[in-house]
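Q: Please take a close look at the ligand site and the parts of the chain that go with it. Which residues surround the ligand, and what kinds of residue are they?

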Amino acid sequence: MLMGRSYAGWLDLHIYNGNMPSWQNLALASPMAAITRLAKRVSSLSPHASRCLTNSHAPPYDAASFRLARPREDLKNRRVQWVFLGCPGVGKGTYASRLSNLLSVPHIATGDLVREELASSGPLSSQLSEIVKQGQLVSDEIIISLLSKRLVAGEAKGELGFILDGFPRTINQAEILEGVTDIDLVINLKLREDVLLEKCLGRRICNQCGGNFNVASINIKTENGSPEIIMAPLLPPANCMSKLITRSDDTEAVVKERLRIYNEMTQPVEEFYRSRGRLLEFNLPGGIPESWPKLLQALSLDDYEDKRSAAA
Ligand SMILES: Nc1ncnc2c1ncn2[C@@H]1O[C@H](COP(=O)(O)OP(=O)(O)O)[C@@H](O)[C@H]1O
């Protein structure tokens, strides 16, 4: 874990590339260039995927935007474009969502996009349902189409920057993303595999408000030099209690398959960004109360949060 080490510290260690942004200076500009380039990729999808998406309830992208591609924006003139990597259950959604609130950039989770598509009973839903239930990855073309649609919708609302969670998950996705936009930072969250399994099995979602909770109480003592891990359950408020559901892919067999697929398909993506000097490895020291301040510290955002809360 990068504890007690400032950004400048990791710069020295070459964990980060030479283009370290000053978050506080990241000003306003549209991620339109990235969106249009991603949308352009969608246009080269197989006729089947394009047809599925074109038949969907919302237009997948604005064809006119293909002509608007602009050069990559200067980092100083836009908001952060970050990616969260990490195994199922590690907490990508939790920390991505907190950072999204702090930095006022959208948190875009491709798993959520897939679940929304499933819930919509659109043309892709029965195909997606089988894939997700088995813990397999959705095809690159479908996931890129869903993401492109989401980015275009966000752009129409004036969204700036993004924190991606669950994308890219394959080298091919990483290469496509690399071809369309600049990713400033990739935060790789890490936790022991036995804890990941417990966390996935304890995960609960309120089917009314969509809130994410966890009933698992993790208490692992120090052994063979590995540190103690204590994670208190993240219990829902009383009004969500009777509405909790478990994700269909959070069964022991499916979580193990998702972990296997992560190691096979997504771990190479860690190396992809490590070799480009953009990967921040962060070993979670425990639950949110211990991990959040340390993550902010590793991102040199602890001071930023103080200023934000003082201004609120
Ligand atoms: N980038 C992606 N590529 C392929 N499939 C994806 C991607 N993102 C999400 N999915 C699909 O959605 C499911 C749920 O994703 P997610 O909520 O991110 O799960 P996890 O908890 O395993 O990180 C995945 O198991 C996979 O089927």
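A: The answer starts with the model as a whole, moves to the ligand, and then follows some individual residues.

This is a predicted model, in which local features need pLDDT of at least 70 and side-chain atom pairs count only at pLDDT 80 or more, whereas totals for chains, interfaces and linings use all residues. Residues are numbered from 1 along each chain as its sequence is written, and side-chain values use heavy atoms, with hydrogens and water left out.

The protein has 12 helices and 10 strands; these are DSSP runs, helices being H or I with at least four residues and strands E with at least two, numbered from the N terminus. Of its 312 residues, 49% are buried, where buried means under 20% relative accessible area, exposed over 50% and partly exposed in between, with a 1.4 Å probe and protein chains only. Among contacts (heavy atoms within 4.5 Å) with a separation of 6 or more, 76% are between residues 24 or more positions apart. The accessible surface is about 14500 Å², and carbon and sulfur atoms hold 52% of that; areas come from the Shrake-Rupley method with a 1.4 Å probe, and for residues only the protein chains shown count as cover.

Now the ligand. It is surrounded by 18 residues, and the closest are Lys92, Thr110, Gln136, Gly166 and Arg258; a residue belongs here if one of its heavy atoms lies within 4 Å of the ligand. By kind, the shell has 7 nonpolar, 5 polar and 6 charged residues. Nonpolar covers Ala, Val, Leu, Ile, Met, Phe, Trp, Tyr, Cys and Pro, charged covers Asp, Glu, Lys and Arg, and polar covers the others, Gly among them. Helix H5, residues 110-119, gives the most to the shell, with 4 residues.

Nitrogen atoms of the ligand lie beside several protein atoms. For threonine 110, a polar side-chain atom is 2.8 Å from a ligand nitrogen. Arginine 169 also places a polar side-chain atom by a ligand nitrogen, at 3.0 Å. Valine 138 has a backbone N or O atom 3.0 Å from a nitrogen atom of the ligand. Taken alone, the ligand exposes 550 Å², and the protein buries 96% of this area.

Next in sequence to arginine 169 is a loop residue, threonine 170, between strand E3 (162-165) and helix H8 (171-180). Threonine 170 counts as buried because its relative accessible area is 7%. Its side chain makes a polar contact of 3.4 Å with the side chain of aspartate 140. A polar contact is a pair of N or O atoms within 3.5 Å; within protein, one must be able to donate a hydrogen and the other to accept it, and residues adjacent in sequence count only if both atoms are side-chain atoms. Beyond four places in sequence, threonine 170 touches Leu137, Asp140, Met265 and Val269.

The loop between E3 and H8 also holds proline 168. The peptide bond leading to proline 168 from phenylalanine 167 is cis, with omega near 0 degrees. Most peptide bonds are trans, and most residues other than glycine have a negative phi. Serine 121 has a positive phi, near 55 degrees, and sits in the loop between H5 and helix H6 (125-133). Serine 121 is exposed because its relative accessible area is 59%.

Arg258, one of the closest residues to the ligand, is also in contact with aspartate 250. Other residues that aspartate 250 touches, leaving out those up to four places away in sequence, include Cys200, Leu201, Arg203 and Val255. Aspartate 250 lies in the loop between strand E9 (244-245) and helix H10 (252-275). With 4% relative accessibility, aspartate 250 is buried. The side chains of aspartate 250 and arginine 203 form a polar contact of 2.9 Å.

The contact with Cys200 leads to the cysteines. The structure holds 0 disulfides, a disulfide being a pair of cysteine sulfur atoms within 2.5 Å. For cysteine 200, the nearest cysteine sulfur belongs to cysteine 87, 9.1 Å away. Cysteine 200 is buried, at 0% relative accessibility. For cysteine 240, also in no disulfide, the nearest cysteine sulfur is that of cysteine 206, at 3.7 Å. Cysteine 240 is buried too, at 6% relative accessibility.
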